[in-house]
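This report walks through one protein model for a reader who has not met it before. Please keep the sequence and the three-dimensional view at hand while reading.

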Amino acid sequence: AVGTAAAAARPAEALGRVVLRARADSWVELRSREAAVILSRVIAAGDSYRVQTDGVTMTTGNAGGLELVVDGQSLPPLGGSGKVVRNVALDAERLLAGR
């Protein structure tokens with residue numbers, strides 16, 4: 001019960017509002033605010049990854065193969081198939097505002 005109460009008390013940002021969903025195999029690297037690598041791998045088509053912390057930036061080798069979903073809302077692609085996109089801030093509010 002204690003773990004559930006603690007999770008419920010967290011702000012919405014900590015609950016993973018941003019989800020990366022692969023439409024095609026897509027290499028993704030996520031870095032923390034301190035530039036430490038959190039994730040560096042290929043997300044296979046059909047798989048998804050929920051970003052659990054704030055201050056994360058993403059680089060991807062296949063912008064067109066990766067769908068960003070914020071609060072359940074799918075956002076426009078970051079680029080075309082095979083396009084490299086660097087240093088995308090995975091901040092829910094900025095993404096929803098189109099920045």
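A nonpolar core is a set of buried Ala, Val, Leu, Ile, Met, Phe, Trp, Tyr and Cys residues that are joined through side-chain atoms within 4.5 Å. The model described here is a predicted one, and the largest nonpolar core in it has 20 residues, with L20, V28, L30, M58, L90 and L95 having the most contacts inside it. The elements that contribute two or more residues to this core are β1 (18–22), β2 (26–31), β3 (37–43), β6 (66–70), β8 (85–89) and α2 (92–96). In soluble globular proteins, nonpolar side chains tend to be buried together.

**Overall layout**

The protein chain has two helices and eight strands, and from the N terminus on its elements follow the order α-β-β-β-β-β-β-β-β-α. Of its 99 residues, 33% count as buried. Among the contacts between residues at least 6 apart in sequence, 55% join residues that are at least 24 apart.

One of the core residues, L30, can serve as an example of how separate parts of the sequence meet. Leaving aside neighbours within four places in sequence, L30 is in contact with L20, A36, V37, I38, L39, Y49, V51, V56, T57, M58 and L90, and among these partners L20, M58 and L90 are also listed with the most contacts inside the core.

**How the strands pair**

Four strands form an open sheet in the order β4-β1-β6-β7, with antiparallel pairing. Because β4 (48–51) and β7 (73–74) stand at the edges and each has a single partner strand, one side of each is left without a neighbour in the sheet. The pairing of β6 with β7 is antiparallel and rests on two bridges, and within it V70 has Q73 of β7 as its bridge partner.

Further pairings involve β5 (57–60). β2 and β5 pair in the antiparallel sense over four bridges, with V28 standing opposite T60 in β5. β5 and β8 also run antiparallel and are joined by three bridges, and there the bridge partner of T60 is V85 in β8.

What is the distance in space between V85 and T60, C-alpha to C-alpha? These two residues are 25 residues apart in sequence and 5.5 Å apart in space. V85 lies in strand β8 and counts as buried, because its relative accessible area is 13% and the cut-off for buried is under 20%. Not counting residues up to four places away in sequence, V85 touches M58, T59, T60, A63 and L78.

**Residues in loops and at unusual angles**

N62 has its place in the loop between β5 and β6, yet at 10% relative accessibility N62 counts as buried. Apart from neighbours within four places in sequence, the contacts of N62 are A24, D25, S26, G80, S81, G82 and K83. A44, in the loop between β3 and β4, is partly exposed with a relative accessible area of 30%, and beyond four places in sequence A44 touches A22 and D25. A44 and G65 are 21 residues apart in sequence, and their C-alpha atoms are 9.8 Å apart in space.

Most residues other than glycine have a negative phi, and most peptide bonds are trans. Which positive values of phi are found for D71 and N87? The table sets these two residues side by side.

| Residue | Place | Phi | Relative accessible area |
|---|---|---|---|
| D71 | loop between β6 and β7 | near 50° | 45%, partly exposed |
| N87 | strand β8 | near 55° | 60%, exposed |

**The largest pocket**

The largest pocket has a volume of about 190 Å³. It is lined by 13 residues, and those lying nearest its centre are L75, L78, L95, G98 and R99. β8 and α2 each supply at least two residues of this lining, and the largest share, three residues, comes from α2. By class, the lining of the largest pocket consists of nine nonpolar, two polar and two charged residues. L95 links this pocket to the earlier part of the report, since L95 is listed among the residues nearest the pocket centre and also among those with the most contacts inside the largest nonpolar core.

Conventions:
Residues are numbered from 1 along each chain as its sequence is written. This is a predicted model: local features need pLDDT of at least 70, side-chain atom pairs count only at pLDDT 80 or more; totals for chains, interfaces and linings use all residues. Side-chain values use heavy atoms; hydrogens and water are left out. Buried means under 20% relative accessible area, exposed over 50%, partly exposed in between (1.4 Å probe, protein chains only). Contact means heavy atoms within 4.5 Å. Two strands pair if DSSP finds at least two bridges between them. On a 1 Å grid over the protein atoms alone, a cavity is a set of points where a 1.4 Å probe fits but cannot get out, and a pocket is an open set with protein on both sides within 12 Å along at least five of seven lines; lining residues have an atom within 4 Å of a point. Grid points are joined across faces, edges and corners, and a volume is the space filled by probe spheres set on the points. Ala, Val, Leu, Ile, Met, Phe, Trp, Tyr, Cys and Pro count as nonpolar, Asp, Glu, Lys and Arg as charged, and the others, Gly among them, as polar.
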